[in-house]
Amino acid sequence: GSTANPSRLSFALNNKAEGIKGLIEGDFMGKGANMSTDQRGNFRLRHAYFIKEFSQEGSSYTPWLLIGQTSNLGTFGSYTINTIGTPNGETAGTRIPQVAFGVKFDAGSIKLNPQIAAEDLFKTQITQYSGFDGYRSTMPGLGVRLPIEFNTGLGAPANFYADFQWQNLKLTKIAYNIDSSNQNSYEFGGGFELPVYFISLKADTHYAKGFTGYDALDNNTQPPSYYLNGTSIEKVSATAWDTEMKIDFNKLAQVPFTLAGGYTQIVFGNLGSLSSSSTAYARKASSTYVNVVYNLTKSATLGLEYERNKAYYIGANNDSSDGRVSNQVLFVGTYKF
């Protein structure tokens, strides 16, 4: 297949006099009735936010305030060029409304940027709540992130982060006298990126409970965040991690291309009675990829990527030890202006 739906329209804001910057961005990956047949995807809002920085001349710290929609505080990215379906376990697509506050500290060789946000994390819990009559979230959810940047003397600065996120949910099952039962979903994780001259290494991991929509899987195969096991409310867990490497040959030999590869995986736990369900749910999913990107100009690139994906399913008609494999090759051209 082929598509131009990931094409993005961005409007950057930068008012230096008032210390305000921001971004409004959209693409055509919104669901449309004919998207699978004639590529008529609806326009979709990706980012829409502004940041006010309260900087003072000569100060080593800068408080800032963000209002709008952008990536949640637990997001970790990837070196993949697949903008249509990110590898299993990645959270790059989770952009949500939020109000965030942070402070940038510049200590020379070390830079800190602790931040806290009131977030709408409901979409990360997915809309499948097996066996319940109703569900709703309470606002706001909470996100905390601590990024650290430090010089290593090995090229570009290294980056490390840790994060925690939480959202309250209320579930109802009338037949079992469960009325707006309070349930708490949470996630915590961390990661790093270490550039060593022309090589960049990165790894990320997170653990979540009640947040199965947090990772990049199809909603049709994703286990529900919560389900009923008899009259007991059960919460599905998820453990995800990735490890990746990128080689920049422009830094090595002034040749304008990069080579990257990586492996990412997610495993769901506490599946209990879902194992005998008539619906097939993913128990484990992984993705291995390798790509090469050639820079035609400063603004135009060509990329070629191979991905091998594997998933193990539970359900009455599935063998949980028998994995299903898919392979895909992507050829991607991008132009940014």
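Student: Which residues touch the most other members in the largest nonpolar core?

Tutor: This is a predicted model. Its largest nonpolar core holds 14 residues. Those that touch the most other members are Leu217, Val236, Ile266, Phe268, Leu271 and Leu274.

Student: Which strand supplies the largest share of this core?

Tutor: Strands S16 (237-248), S17 (257-269), S18 (281-295) and S19 (300-314) each give at least two residues to the core. The largest share is 3 residues. The strand that supplies it is S18.

Student: How many residues are in the other core that lies apart from it?

Tutor: Tyr49, Ile51, Trp64 and Leu66 are among the members of this other core. Members of a nonpolar core are buried, with under 20% relative accessible area. The count for this other core is 8 residues.

Student: Why is the protein said to be as compact as a globular protein of its length?

Tutor: The protein has 2 helices and 20 strands. For 337 residues the globule rule gives 20 Å. The protein counts as that compact because its radius of gyration is close to this value, at 21 Å.

Student: What share of contacts between residues at least 6 apart in sequence joins residues at least 24 apart?

Tutor: A contact here means heavy atoms within 4.5 Å. Take the contacts between residues at least 6 apart in sequence. The share that joins residues at least 24 apart is 59%.

Student: How far apart are the mean positions of the positive and negative charges?

Tutor: The protein carries 28 positive and 27 negative charges. Each set has a mean position. The two mean positions are separated by 2 Å.

Notes. Residues numbered from 1 in each chain as written. Predicted model: local features only at pLDDT ≥ 70, side-chain atom pairs only at ≥ 80, totals over all residues. Heavy atoms only, no water. Helix = DSSP H or I, 4+ residues; strand = E, 2+ residues; numbered from the N terminus. Rg over C-alpha atoms; globule rule 2.2 N^0.38 Å. Lys, Arg positive; Asp, Glu negative; His and termini not counted. Charge placed at Lys NZ, Arg CZ, Asp CG, Glu CD. Core = buried A, V, L, I, M, F, W, Y, C linked by side-chain atoms within 4.5 Å. Buried < 20%, exposed > 50% of the residue type's maximum accessible area, 1.4 Å probe, protein only.
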